[in-house]
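Take a look at the fold below. Keep the sequence at hand while reading.

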Amino acid sequence: MSDTSTVKMTPEERQQFARMVREAETLPENYLLCRTVGHAWSPVAPDREPMFGRLLVWECVRCTTKRDDIFDTRWGGLIARSYRYAEGYIIKRDKRGNAGALARTALRVVWDRKHNG
Ligand SMILES: [Zn+2]
């Protein structure tokens, strides 16, 4: 489901949206901001040696989530990327597993209510 399709939500989707809003309302301020607009990455020292390539570690200055980028030092190509999320950062998906777009809309609504409402 795309962001813009929420104006034509089914009753079930409206219930799902309400659940996402309730869950988003429980997020700490920094998590809510990162979920809404993305992380604020800053470089930190790598805490391990990769099997191959070079490891760059980025940490979000707001929520402390870490992003590990392993890249080829010669050509710069990304070999692997993984995330180490801060405790409680992840919002659970619904049973159908497609709540991502709804989650973003719910996050925007909750952010707006808290700051402009
Ligand atoms: Zn963050």
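The text goes through the sheet, then a helix, then the core. This is a predicted model.

Begin with the sheet. Four strands form an open sheet in the order 1-2-3-4, and their pairing is antiparallel. Two strands sit at the edges: strand 1, residues 41–44, and strand 4, residues 78–84. Each of them pairs on one side only. From one strand to the next, the twist averages 25°. In general, the strands of a sheet pair through backbone hydrogen bonds, either parallel or antiparallel.

Now follow strand 3, residues 66–71. Six bridges join strand 3 to strand 4 in the antiparallel sense. One residue pair can be picked out here: Asp69 has Arg81 of strand 4 as its bridge partner.

Asp68 also belongs to strand 3. Is Asp68 buried or exposed? Neither label fits: Asp68 counts as partly exposed, because 17 C-beta neighbours lie inside 10 Å, while a buried residue needs 20 or more and an exposed one has 12 or fewer. Beyond its neighbours within four places in sequence, Asp68 is in contact with Leu55, Val57, Arg81 and Ser82. Leu56 is twelve residues from Asp68 in sequence, yet their C-alpha atoms are 5.9 Å apart.

Turn next to helix 1, residues 11–25. Its 15 residues reach 21 Å from the first C-alpha to the last. That is close to the 21 Å expected at 1.5 Å a residue. Which residues of helix 1 are buried? They are Gln16, Met20 and Ala24. These three lie on the same side of helix 1, because they cover an arc of only 80° around the axis. The general rule behind such spacing is that an α-helix has 3.6 residues a turn, so residues three or four places apart point the same way. The face of helix 1 turned away from the buried side carries exposed residues: Pro11, Arg14, Gln15, Ala18 and Arg22.

The buried side leads on to the core. Met20 and Ala24 are among the twelve residues of the largest nonpolar core. The others are Leu27, Tyr31, Leu32, Cys34, Cys60, Cys63, Ala103, Ala106, Leu107 and Val110. Helix 1, helix 2 (29–37) and helix 3 (100–116) each give two or more residues to this core. Helix 3 gives the most, with four. Nonpolar side chains tend to be buried together in soluble globular proteins.

Finish at Ala106, one of the core residues. Leaving aside neighbours within four places in sequence, Ala106 is in contact with Phe17, Met20, Val21 and Ala24.

How values were computed
Residues are numbered from 1 along each chain as its sequence is written. This is a predicted model: local features need pLDDT of at least 70, side-chain atom pairs count only at pLDDT 80 or more; totals for chains, interfaces and linings use all residues. Two strands pair if DSSP finds at least two bridges between them. Axes are lines fitted to C-alpha atoms, for helices over the stretch in contact, and angles run from 0 to 180 degrees between N-to-C directions. The expected span of a helix is 1.5 Å times one less than its number of residues. The arc is that of the directions from the helix axis to the C-beta atoms. Two residues are in contact if their C-beta atoms, placed from the backbone, lie within 7 Å. A nonpolar core is a set of buried Ala, Val, Leu, Ile, Met, Phe, Trp, Tyr and Cys residues joined through C-beta atoms within 7 Å.
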